[in-house]
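User: Please walk me through this model, one small step at a time.

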Amino acid sequence: MTAQTPQPAQDEPIPMPVLLYSEDEEDLRAAVRALLADRADAPGVIARVESDTPYDPRLWKALAADIGAAGLLVPEKLGGQGASYREAAVVLEELGRSVAPVPYLTSSVVATEVLLALAAQDGPVVELLGELAAGRRTAALAVPFSAPAADEAQPASAVTGRLEGTVTGVADAATADVLLVPTTDGLYAVETSADGVTVEPLVALDLTRPLATVVLDGATGVRVADAASAVPAVGRGLLVGAGLLASEQLGIAEWCLTETVRYTRERHQFNRPVGSFQSLKHRMAQLWLEIVSARAAARNAAGELATGSPDAPLAVAVAQAYCSGVAVHAAEECVQLHGGIGMTWEHPAHLYLKRAKADSIAYGTAGRHREVIAELVELPAP
Amino acid sequence: MTVTFPAAEIRRRTRELLAAHPPATTDRTEFLKARFDAGLAWIHYPVGLGGLDAPRFLQHVVDSELAEAGAPDNDPRRIGIGLGMAAPTVLRYGTDEQKERFLRPLWVGEEVWCQLFSEPGAGSDLAALGTRAVRDGDSWVVDGQKVWTSSAHVARWAILIARTDPDLPKHRGISYFICDMTDPGVEVRPLRQITGEAEFNEVFLTGVRIPDSRRLGPVGDGWKVAQTTLMNERVSIGGARIPREGGMIGTVARTWRERPELRTHDLHQRLLTLWVEAEVARLSGERLRQQLMAGQPGPEGSAMKLAFARLNQQISGLEVELLGEEGLLYSDWTMNRPELVDFTGRDAGYRYLRSKGNSIEGGTSEVLLNIVAERVLGLPPEPRNDKDVAWKDLSR
Ligand SMILES: Cc1cc2nc3c(=O)[nH]c(=O)nc-3n(C[C@H](O)[C@H](O)[C@H](O)COP(=O)(O)OP(=O)(O)OC[C@H]3O[C@@H](n4cnc5c(N)ncnc54)[C@H](O)[C@@H]3O)c2cc1C
């Protein structure tokens, strides 16, 4: 369904972001969904994550370059689409719906946002942004995927340009071309292929988003920011990452509910579709309610980020505190209401459960975001 | 979306009303009548019936102008059933005479309405109702008993559904009437409730004569008419915007801030979780409002009631615990018959107890979840064994 962005009525008493989808966003969604249906169906995703190359470079090229999704957040004059967080959020909804293994969130959102926050007009930052926007290369921010804020980013040490340190649990590091490494001496862009860089893949709970440990042993890179500007830039990347992750979580939850409704309508036991049993209907109706709310929260976070509102950190924390739980709940219900088949490797339900659970830790847990809220709205702990 | 009725025009008319009837020197009821006659009562209603046929979302232009000028309000809490349920039903199914007669005093608040739907034997299964209406010349003679009727003790009029043909299956032989609560044969008895007060009542109808001119919709089609009422009861989202911490969560948050000695870690966790849920519910309401503005109402409306019921119950429960020793007390158990439900003006214990009704009144949460599951998600319906059986042959 296409929606026109309503013009806010005159005299709106409370400024609020538009929480609906614009026609352009729906067009973008349709393009991404069609591509994913074509190139990343469930059996394909399962086969892919079990292979040596968890990412499908052809899928990435089509998504990043052909559709232009990788450059949505990058201004046109830097080689991007000059779109906004709203559009990127729509892409993430679709990626959540298909749990496609692509480095969109880590490279096109978080790493890109860190670089954008440096506000460079030329030089290596701009060059790298252009390559990320075109989908020619990907980057990963070398901080643990679970880190909610810049000060928990385990900075490596840098002495006269040589980097030393170990960063655990970095999402998508294994497939990235470039690592953005926060250090005691500022932010460095380090080629993963450079001397002194080892990226050791970890066995991750979420098969569709690989983690790795990054070991730096005298590695060199380009210093793209001093310590004073690196911390806020990393913080900005993590804030936007958390805010848009809510849309991925929304997509996960939507897929889980849609599939569960479809399956329980078809599956018969006791001479009835199991979906006609009220105890199941109520659980699915409850999930629908949660998803309605999650959509409002996720759209609000994207909208507040897009308008640069001072309320954006609160909107992001609210969205994360809420949407994490909804995605996990939907995925858990999906497994349960599918019965035995829900526990089966061939059925994709497990991919969603694993993604949802991993996402609930990524960029800070719900509890951590509630702590942020407590501070922002002055509801202090005892 | 094209706005054919500019906000500026609405504002101009509102200022005209204010100039002609300065709130400071005009009697409350007179002001409200003038507002109705100016079409500024509910602007989406037809011209002549308190409206301007204007888009509903522009109502806030009127409301904020009037609030700023200190104009009197018609107190929708007191006349909630009339505004939320009777009015849309009269508007849709009423004759011109009925609309002329009923809508103005309803909106102004001169005449309070109640809803004679539920019966001791028919609640969630409302279509099973047994109150009889038998035709007698130009009138109908009504006998039966209604229950849990909010505001019956202050109501001038009631919307009433009664069975006019027991030989048909239960959804068919029902008709819809407007009942005069002052007529002989209408007896209202207070029914005390969990809070100690009697906000709702039992209503006994004995040989009550209702002229046929006060029937709404065709004979035997009352169930369809009732659907309009019930739909409006559930979707009582008028497009009003709530500020952050606007509902019950605001009360608890204030107590939390002002009384550090009450804080515990467990309550902190629960408070934050509920704060997030209340904020998200507010955002969902805003999203629904934006959908209505864009002319694409979604099914979300009927579901908001579910969320608010649960939230109100959990927040008010937390509030009692937060208050600790004070939470053990209750302001007043005296039986009185209030005119309205006052969540904010009463104490935490009252809020806790009254909010239990939120998941029962206007359709229970269980029944609403069935509706979401079947109408929104398309899940298979409950097996039914009562659809094609004459009402009189159903087991009761
Ligand atoms: C404060 C308050 C004010 C009210 N005001 C009015 C009023 O002004 N006018 C009026 O007409 N009525 C009024 N009501 C009545 C209200 O509409 C009914 O109480 C309500 O519809 C439930 O009906 P019941 O009480 O007969 O419960 P029942 O229908 O007997 O329900 C009992 C339990 O069974 C569950 N149940 C029933 N059917 C199903 C099903 N199909 N699937 C799953 N669970 C089911 C219910 O959810 C409930 O938990 C009021 C009620 C309250 C609490």
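**Strands and cores**

User: How many residues does the hairpin between strand 4 and strand 5 of chain A run through?
Analyst: A hairpin joins strand 4 of chain A to strand 5 of chain A. Strands here are DSSP runs (E, at least two residues) and helices are H or I runs of at least four, numbered from the N terminus. The hairpin passes through 2 residues.

User: What should I know before reading on?
Analyst: This is a predicted model, where local features need pLDDT of at least 70, side-chain atom pairs count only at pLDDT 80 or more, and totals for chains, interfaces and linings use all residues. Residues are numbered from 1 along each chain as its sequence is written, chains are lettered from A and ligands numbered from 1 in the order written, and side-chain values use heavy atoms, leaving out hydrogens and water.

User: Which residue of strand 8 of chain A stands opposite A:Y188?
Analyst: Strands pair if DSSP finds at least two bridges between them. Strand 4 (residues 178-183) and strand 5 of chain A run antiparallel, joined by 6 bridges, with A:V181 opposite A:Y188. Strand 5 of chain A also pairs antiparallel with strand 8 (residues 222-225) over 3 bridges. There, A:Y188 faces A:R223.

User: Which helix gives the most to the largest nonpolar core?
Analyst: Such a core is a set of buried Ala, Val, Leu, Ile, Met, Phe, Trp, Tyr and Cys residues joined through side-chain atoms within 4.5 Å; buried means under 20% relative accessible area (1.4 Å probe, protein chains only). Of its 148 residues, A:Y104 and A:L244 touch the most other members. With 17 residues, the top contributor is chain A's helix 9 (residues 312-337).

Technical notes
Buried means under 20% relative accessible area, exposed over 50%, partly exposed in between (1.4 Å probe, protein chains only).
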